[in-house]
Amino acid sequence: MRSLEGFSGKSGDMLERTNHPTDKTGSGAGPLSAGLSDPALLVARILVGYIFLLGGWGKLTGLAGFAAYLEGHGLPAGYPLAVLGAGVEFLSGLCLILGIATRYAALAAIAFTLVATGIAHRFWEFDEAARRGQTINFNKNMAIIGGLLALAVAGPGRFSIDRLAGRKT
């Protein structure tokens, strides 16, 4: 059996993943992706973090309305929960963008998204007309969680405050 690029093994053996010589991450990535991982992580952090920063800012500047929305969905103590939710959303977005405690920020954003999705996008409770939109929003939130999981695993990359400050991430 001939060797495949990125894999090695003898005939009849399971192929083992080997790292490309230019892969400094140990991920098994080829030369193209190895050079793009840090810029890609920066772009991912900015794009995902912006959603949370913008949404959190809107809630922080309209806490009374957000609290009323939460109470309208049956949650007690709407105002304290609004402060907590808006704060987590805004700060996790800011931390993701800047690359500060990225793994923890991603996990906090995941928790926020799961709770928010459970409160606001229960598509199964809507009639057919509204169900489609709520299903789309539910699925978008699941995709966002997927991106956040990737950031939680990968970390911030080289272009981050944590790396500039010499902190291990």
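**Figure 1. Phenylalanine 90 is tucked away as a buried residue.** In this predicted model, phenylalanine 90 has a relative accessibility of 19%, so it counts as buried, since the cut-off for buried is under 20%. What does phenylalanine 90 form an aromatic pair with? The partner is tryptophan 57: the two rings sit 5.8 Å apart, centre to centre, with 45° between their planes, and that makes the pair tilted. This pair ties together distant parts of the chain. Tryptophan 57 belongs to helix 1 (residues 31-60), phenylalanine 90 belongs to helix 3 (residues 78-98), and 33 residues separate them.

**Figure 2. Phenylalanine 123 and tryptophan 124 meet edge-to-face.** Look for two rings with 5.1 Å between their centres and 80° between their planes. Are these two residues buried, partly exposed or exposed? Phenylalanine 123 has a relative accessible area of 22%, so it is partly exposed. Tryptophan 124, at 48%, is partly exposed as well. Add Phe138 to the view, and you have one aromatic cluster made of Phe123, Trp124 and Phe138. If you want to go hunting for rings, the structure holds 5 aromatic pairs.

**Figure 3. Valine 48 sits in the largest nonpolar core.** This core has 14 residues, and Val48 is listed with Phe52, Leu96, Ala106, Leu148 and Leu151 as having the most contacts inside it. Which elements give two or more residues to this core? They are helix 1, helix 4 (102-120) and helix 5 (128-154). Zoom in on valine 48 itself and you can pick out what it touches: leaving aside residues up to four places away in sequence, those are Leu96, Leu148 and Leu151.

**Figure 4. Phe66 is part of a second core, separate from the largest one.** This one has 7 residues, including Phe66, Ala67, Leu70 and Ala82. Phenylalanine 66 has a charged visitor too: lysine 59 lies over the face of its ring, at 5.5 Å from the ring centre.

**Figure 5. Alanine 154 turns up in helix 5.** Its relative accessible area is 38%, so alanine 154 is partly exposed. What does alanine 154 touch, if you skip residues up to four places away in sequence? It touches Leu41 and Arg103. Now find aspartate 38: it is 116 residues from alanine 154 in sequence, yet the two C-alpha atoms are 10.0 Å apart in space.

**Figure 6. Residues 1-20 call for some caution.** Start with the overall confidence: the mean pLDDT of the protein is 85, and 79% of its residues reach 70 or more. Over residues 1-20, though, the pLDDT is below 50. This stretch still has 27 contacts in the model beyond near neighbours in sequence. Where pLDDT is low, predicted coordinates should not be read in detail, so enjoy this view with a pinch of salt.

**Figure 7. Zooming back out, the protein has 6 helices and 2 strands.** Follow the sequence and you meet them in the order β-β-α-α-α-α-α-α. There are 169 residues in the protein, and 30% of them are buried. About 10,300 Å² is exposed, with carbon and sulfur atoms supplying 68% of that. And how do the contacts reach along the chain? Take those between residues at least 6 apart in sequence: 56% of them join residues at least 24 apart.

Technical notes. Residues are numbered from 1 along each chain as its sequence is written. This is a predicted model: local features need pLDDT of at least 70, side-chain atom pairs count only at pLDDT 80 or more; totals for chains, interfaces and linings use all residues. Side-chain values use heavy atoms; hydrogens and water are left out. Helices (H or I, at least four residues) and strands (E, at least two) are DSSP runs, numbered from the N terminus. Buried means under 20% relative accessible area, exposed over 50%, partly exposed in between (1.4 Å probe, protein chains only). Contact means heavy atoms within 4.5 Å. Accessible areas come from the Shrake-Rupley method with a 1.4 Å probe; for residues, only the protein chains shown count as cover. Rings of Phe, Tyr and Trp (its six-membered ring) pair if their centres lie within 6.5 Å; planes under 30 degrees apart count as stacked, over 60 as edge-to-face and the rest as tilted. A charge sits over a ring if NZ of Lys or CZ of Arg is within 6 Å of the ring centre and within 35 degrees of the ring normal. A nonpolar core is a set of buried Ala, Val, Leu, Ile, Met, Phe, Trp, Tyr and Cys residues joined through side-chain atoms within 4.5 Å. pLDDT is the predictor's confidence in each residue, from 0 to 100.
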